[in-house]
Amino acid sequence: MISKHEPVVLGIETSCDETGIGIVRGTTLLANVISSSMDQHVRFGGVVPEIAARAHLEALESTLQKALADAGISLKEVDAVAVTNGPGLAGALMVGVGAAKALAIAIDKPIYAVNHLVAHVAVDILERGRLETPTVALLVSGGHTSLLLVRDLLHAVELLGETIDDAAGEAFDKIARVLGLSYPGGPEIDRVAKEGDPKAIRFPRGLTLPKDQEKNRYNFSFSGLKTAVARHVELAESKGEEISIPDVAASFREAVVDALVTKAIHACLDKGVPRLILGGGVVANARLREVAAERCQKEGIELRIPAFSLCTDNGAMIASLGAQKIMAGLSPSDLGFGVYSTLPV
Ligand code: KG4
Ligand code: ZN
């Protein structure tokens, strides 16, 4: 029987292109090691699932050894293993889940399958010792764009909305390509946009019209925005006009950020929740942080932005959620669990 008091949990995350191993003791972070295969995806302009899966296979062992060394513990001291089993890229998830099951059997410890999105929220516990609830969570990365309502981390998490086409990070990556910038596009657009005028071009904010409010109030769409930016660039080129890349980048970034923050704030106000937590790689976006801070302050909403190493995909968030399950007395997963590219929260 595993101790409910400050269990040492090793978390494994392989849902996308980061191989993450994190170790926690209860609510305390002991190690958070990430190995990314991003470099191998650059020439494709996006994550290639097969390449990501192979990279996990190669990176897992060294990432594990480094995490144990950073935590200053041996495998024998691990009380339980936690692993992401969805949502994410199926092949990539299978590598992590296979490794986690083997590890759990080898050290004869229980295993906990963990939902990646809920884990993004659980990471906040490592910074403040507990999760303040209820909270709305806006999770934005290259793989997801989701709005969650968390009343209870283990028992009451509701998916309010998500993207109906591209993820926000994916939109940044695609538009960077249109503008001749390199991959990953988010940091590049952020850099170029600093010199641009965000009001230069009014690009559409997906699903924010009055007609969208009934069915899609909390859903996101970036495909119309993507087309609008591409058309703007093509039209200028066909007329032989020079476009201002900083202006296009700044106006595009403004449209994405406006849609993200508007919907997150709507969720907080509609549901009477005075708290918003951000997660995912797009949280690095300077303008997203700025606008979220401004609007949250105006509405009296507390904004939580975990350290960036805890916002991108990582193993610590998986370990943190695993530890919460153990401390709440939840049973471990049966070894037969599978992976799910879409997995309900
Ligand atoms: O969470 P993350 O590291 O994992 C994956 O989804 O794999 O997120 C990566 C995504 C990429 O699409 C990248 O372009 C985006 O986050 N990103 C940004 C910024 N930095 C990274 N998007 C907007 N602004 C940024 N500064
Ligand atoms: Zn993620």
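**Around ligand 1 and along an open sheet**

Start with the ligand: 21 residues surround ligand 1, and the closest are Asp-17, Gly-142, Asp-173, Gly-281 and Asn-285. Keep in mind as you look around that this is a predicted model.

Now zoom in on some polar contacts. Gly-142 takes part through its backbone, with a polar atom 2.8 Å from an oxygen of ligand 1. Asp-173 uses its side chain instead, placing a polar atom 2.7 Å from a ligand oxygen. With Asn-285 the partner on ligand 1 is a nitrogen, and a polar side-chain atom of Asn-285 lies 2.8 Å from it. How much of ligand 1 does the protein bury? On its own, ligand 1 exposes 550 Å², and the protein buries 93% of that. As for where all this happens, ligand 1 sits in the largest pocket.

Which helices help build the shell? Helix H6 (168–178) and helix H7 (185–193) each supply at least two of its residues. The largest share comes from H7, with 4 residues.

Next, pull back to the sheet. It's an open one, built from 5 strands in the order S8-S7-S6-S9-S10, with mixed pairing. At the edges you'll find strand S8 (156–162) and strand S10 (302–304), each pairing on one side only. Neighbouring strands here are turned by 20 degrees against each other on average, ignoring direction.

Follow the S8 edge for a closer look. Strand S7 (residues 145–152) pairs with S8 in the antiparallel sense, over 6 bridges. Within this part of the sheet, Asp-152 stands opposite Ala-156 of S8. In general, it's backbone hydrogen bonds that pair the strands of a sheet, whether parallel or antiparallel.

Note on methods:
Residues numbered from 1 in each chain as written. Chains lettered and ligands numbered in written order. Predicted model: local features only at pLDDT ≥ 70, side-chain atom pairs only at ≥ 80, totals over all residues. Heavy atoms only, no water. Pairing = 2+ DSSP bridges. Axes fitted to C-alpha atoms, helices over the stretch in contact; angles between N-to-C directions. Near = heavy atom within 4 Å. Polar contact = N/O pair within 3.5 Å; in protein donor to acceptor, adjacent residues only side chain to side chain. Areas by Shrake-Rupley, 256 points an atom, 1.4 Å probe, with all protein chains shown as cover. 1 Å grid on protein atoms, 1.4 Å probe; cavity = no way out; pocket = protein on both sides within 12 Å on 5 of 7 lines; lining within 4 Å. Sits in = over half its atoms within 2 Å of the grid points.
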